[in-house]
Amino acid sequence: MKAIIYCRVSTKKEVQETSLERQKEELKRLAQQYGFEIIKVIEERASGYEIERDGILELLTLIKEERVEALLIQDETRLGRGNARIALLHCIQKEGVKIYTVSHHGEIQLSEADSMVLEIISIVEEYQRKIHNLKIKRGMQRAVEKGYRPERNLKNVGENAGRERLELPVEEIVRLRNNGLTFAEIAATLRGFGYQASKATVHRRYQEYVEADMSETLVKSNEL
């Protein structure tokens, strides 16, 4: 199993160097005991109440990119304290990574209260996902009811991958906007049909269309 060792002390004082070294040595022995392959040892000097830590960001990135299966820490407070600890435990466990600690002599044993909080967070996230999907479905239904025909507008989806500017069906954005859909609903509708469009991007393309239309109108009026 691929594993990461994470060590943390709260200050940058020289006396804490001994603590970092002790944590590292103890965690290396724990990794050896379980036969883990250590791919990275992360050492950090920062408060556990802070969540924006370079070491933590590196840890979360490695978990995703290297398919890490285990995280080794001295105890759960090394990961974080207060709300930061709960948030990080949730992020790590959601990726399917097992946490091992020296203090537990193996896989972490969370308190009943912590387990309950993490379960509640997972339930809330699941319902947020369902609500988001319902919004997309609702936007798609409204768009189709108002005349949007995806089979006529999805022929070129994916052909422009890699371009900096995302290709979107601007005419459909304008028509759906004129039919009363919000920018958020239009964005959700386009995402449902394969376009990776955000509300801000849809709004920007609509404004560009309006400004271009106004400019064209002014040119024509000057010509007259």
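A residue counts as buried under 20% relative accessible area, as exposed over 50%, and as partly exposed in between, with a 1.4 Å probe and protein chains only. By that scale Glu-21 is partly exposed at 36%, while Lys-24 is buried at 13%.

A word on the model before going further. It is predicted, so local features need pLDDT of at least 70 and side-chain atom pairs count only at pLDDT 80 or more, whereas totals for chains, interfaces and linings use all residues. Residues are numbered from 1 along each chain as its sequence is written, and side-chain values use heavy atoms, with hydrogens and water left out.

**Salt bridges**

A salt bridge here is a side-chain nitrogen of Lys or Arg within 4 Å of a carboxyl oxygen of Asp or Glu. The whole structure holds 10 of them, including these three:

| Pair | Closest N to O |
|---|---|
| Lys-24 and Glu-21 | 3.3 Å |
| Glu-58 and Lys-40 | 3.4 Å |
| Arg-53 and Glu-44 | 3.9 Å |

Arg-53 is buried at 2% relative accessibility, and its partner Glu-44 is buried at 7%. Shared partners also link Glu-21, Lys-24 and Glu-43 into one salt-bridge network. Within helix α1 (residues 16–34), Lys-24 and Glu-21 are three residues apart, about one turn of the helix. Helices (H or I, at least four residues) and strands (E, at least two) are DSSP runs, numbered from the N terminus.

**Strands**

Two strands pair if DSSP finds at least two bridges between them. Strand β3 (residues 70–73) runs parallel to strand β4 (residues 98–101) over four bridges, and Ala-70 has Lys-98 in β4 as its bridge partner. On β4 there is also an antiparallel pairing with strand β5 (residues 106–107), over two bridges, where Tyr-100 is partnered by Glu-107 of β5. β4 and β5 make a hairpin with four residues between them, and His-105 in the turn has a positive phi of about 55°.

**Aromatic rings**

Tyr-100 turns up again here, in one aromatic cluster with Tyr-34 and Phe-36. Rings of Phe, Tyr and Trp (its six-membered ring) pair if their centres lie within 6.5 Å; planes under 30 degrees apart are stacked, over 60 edge-to-face, and the rest tilted. The whole structure has four aromatic pairs. One of them, Tyr-34 with Phe-36, is stacked, at 5.8 Å centre to centre and 10° between the planes. Tyr-34 is partly exposed at 35% relative accessibility, whereas Phe-36 is buried at 11%.
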